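Thanks, everyone. Let me put the structure up, and then we'll go through salt bridges and one helix.

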Number of protein chains: 2
Amino acid sequence: MAKEHDDTIASRISRVLADRIIRGELAPDARLRQDHIAEEFGTSHVPVREAFRRLEAQGLAVNLPRRGVRVASFDLKEVREVAEMRAALEGLALRHAAQHLTPAILDAAEEATREGDAASDVYAWEEANRRFHRLILAPSDMARLLAAIDDLHAASARFLFSAWQSGWEKRTDHDHRAILAALRQGRADEAAAILQKHVQWIGRAPVRTASGSTREAFAIVG
Amino acid sequence: MAKEHDDTIASRISRVLADRIIRGELAPDARLRQDHIAEEFGTSHVPVREAFRRLEAQGLAVNLPRRGVRVASFDLKEVREVAEMRAALEGLALRHAAQHLTPAILDAAEEATREGDAASDVYAWEEANRRFHRLILAPSDMARLLAAIDDLHAASARFLFSAWQSGWEKRTDHDHRAILAALRQGRADEAAAILQKHVQWIGRAPVRTASGSTREAFAIVG
DNA sequence: GAATTAAAAATTATCTATAATTTGGAAGGA
DNA sequence: TCCTTCCAAATTATAGATAATTTTTAATTC
């Protein structure tokens, strides 16, 4: 039902490109040539340009008029910025969502945490992590806030994949469990406080650069 | 210099339409017909469509694929939501900006407050108010955060103009002065706390509806 | 009220103009 | 001679205009 009828070519292109940027298949500063992309998707450049405007708004691409669109670059400063914005907004969302959380939702969130702990690669972990956050925040029923958080999660995931392309290690997410425990006991403010700390934790990993040397990469790991 | 070289037709259209929506010249749910707008601006509909994507991302318009674009509607719930998001994000920005604030900036912010107090209509007041907030937050130097705050200010202004189309009364902004006083004394956290309260204050005003009766309208007045 | 047709509007394709970039010398200097 | 720098022509890509197509909405008929 509703197959993909409510879906324009532009939105499909923007989703696919966003995914490639997030996964690092399109590197920072890489040019996005509208005619090439149009050809790949078998369309004209018009919907491609519309997709570009969406990517710009998400902060995944930057446009230089008459000089083309490039994948947005990022640095440690922006990782920190996104972490703090997530802390502020997710804390707000959780305080509103708390009163609408049901045992069923909390159970689903715990299951997402287990799946994250069991994840064998960083992509699977990120998917489970994002699901956890979305599950406990969605009942806030604040559309604008949730959309903003989604865009921040996209940025987070990009930082994460950039740092941990390989070498992912399983670990147990104690923060998620502490958040769920607090929520089960109706301690919403405590849960929000843990969440805010949790989201601001920035992990670091050594990354092999193109030139063979290694540098440190940073990413939000919550 | 640099006249409007770094400016596309699409961005100009999106700015003009955003302004009309914010000022209430384009009412909620009003249809935005791409061909009509294209004709008005003396262009084709292609840049108009790109402008629509930007308005969508700002939350000022909604797109129903193949059925056209409409001005986004809003309600008290969204006014509250925007107020809380502004509180969260402006608080964050101020805590980062505080250490970079100079006496010159604080003087300029005080001047903006005076201009707001002296404003004779709601449009002048909003301009001065926005300038105050931008002045004290910009030194945080967090581009993504400031862009998000700008979009929330646009939404705020729309709510305000919708409620106070006429009947604006001068008043003295004690909150702004308390914020500046705290900042001058280096009490950043206190300033941020006042700002957060300030931004969440929702004023109400009676509004004459089309049918002649009156209803209450709500808006962020900080 | 359901079905059919006509009109309007959105989406996408194709085409054109213009700006930006690259390339290929030519001139000048060491 | 070799290298660098500068300029102009050629190439490439973006931005926008115009044209074609599909979809939705309205009107009309049965």
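Which side chain does R20(A) meet in a salt bridge? The partner is E40(A), and the N to O distance is 2.6 Å. Keep in mind that this is a predicted model. Now look at where the two sit. R20(A) is in helix 1, residues 9-23 of chain A, and E40(A) is in helix 2, residues 34-41. They are 20 residues apart, so the pair links distant parts of the chain.

Buried or exposed, what about R20(A)? Neither: R20(A) is partly exposed, at 21% relative accessible area. Buried would need a value under 20%. E40(A) is partly exposed as well, at 47% relative accessibility.

Next, the other salt bridges. Over all chains, the structure holds 39 of them. One joins the side chains of D7(A) and R15(A), with N to O at 3.1 Å. D7(A) has a relative accessible area of 22%, which makes D7(A) partly exposed. R15(A) is partly exposed too, at 47%.

Another one pairs E190(A) with R187(A). Here the side chains come to 2.6 Å, N to O. E190(A) counts as partly exposed, at 36% relative accessibility. R187(A) does too, at 44%.

There is also a network. Salt bridges that share partners join five names here: D107(A), E110(A), E111(A), R114(A) and R184(A). On the acidic side you have D107(A), E110(A) and E111(A); on the basic side, R114(A) and R184(A).

Back to helix 2 of chain A. We have met E40(A), which is partly exposed. Which residues of this helix are buried? They are I37(A), A38(A) and F41(A). Why do we say that they line one face? Look down the helix axis: the buried residues fall within an arc of 105°, so they line one face of the helix.

And what covers them? The cover includes helix 1, strand 1 at 31-32, and helix 3 at 45-58, in chain A. So helix 1 turns up twice: helix 1 is part of that cover, and helix 1 holds R20(A), the partner of E40(A).

One last detail, at the end of the helix. Just after helix 2 of chain A comes G42(A). G42(A) takes a positive phi, of about 65°.

To recap helix 2: I37(A), A38(A) and F41(A) are buried, E40(A) meets R20(A) in a salt bridge, and G42(A) follows with its positive phi. That's it from me. Thanks.

Key:
Residues are numbered from 1 along each chain as its sequence is written. Chains are lettered from A and ligands numbered from 1 in the order in which they are written. This is a predicted model: local features need pLDDT of at least 70, side-chain atom pairs count only at pLDDT 80 or more; totals for chains, interfaces and linings use all residues. Side-chain values use heavy atoms; hydrogens and water are left out. A salt bridge is a side-chain nitrogen of Lys or Arg within 4 Å of a carboxyl oxygen of Asp or Glu. Buried means under 20% relative accessible area, exposed over 50%, partly exposed in between (1.4 Å probe, protein chains only). Helices (H or I, at least four residues) and strands (E, at least two) are DSSP runs, numbered from the N terminus. The arc is that of the directions from the helix axis to the C-beta atoms. Contact means heavy atoms within 4.5 Å.
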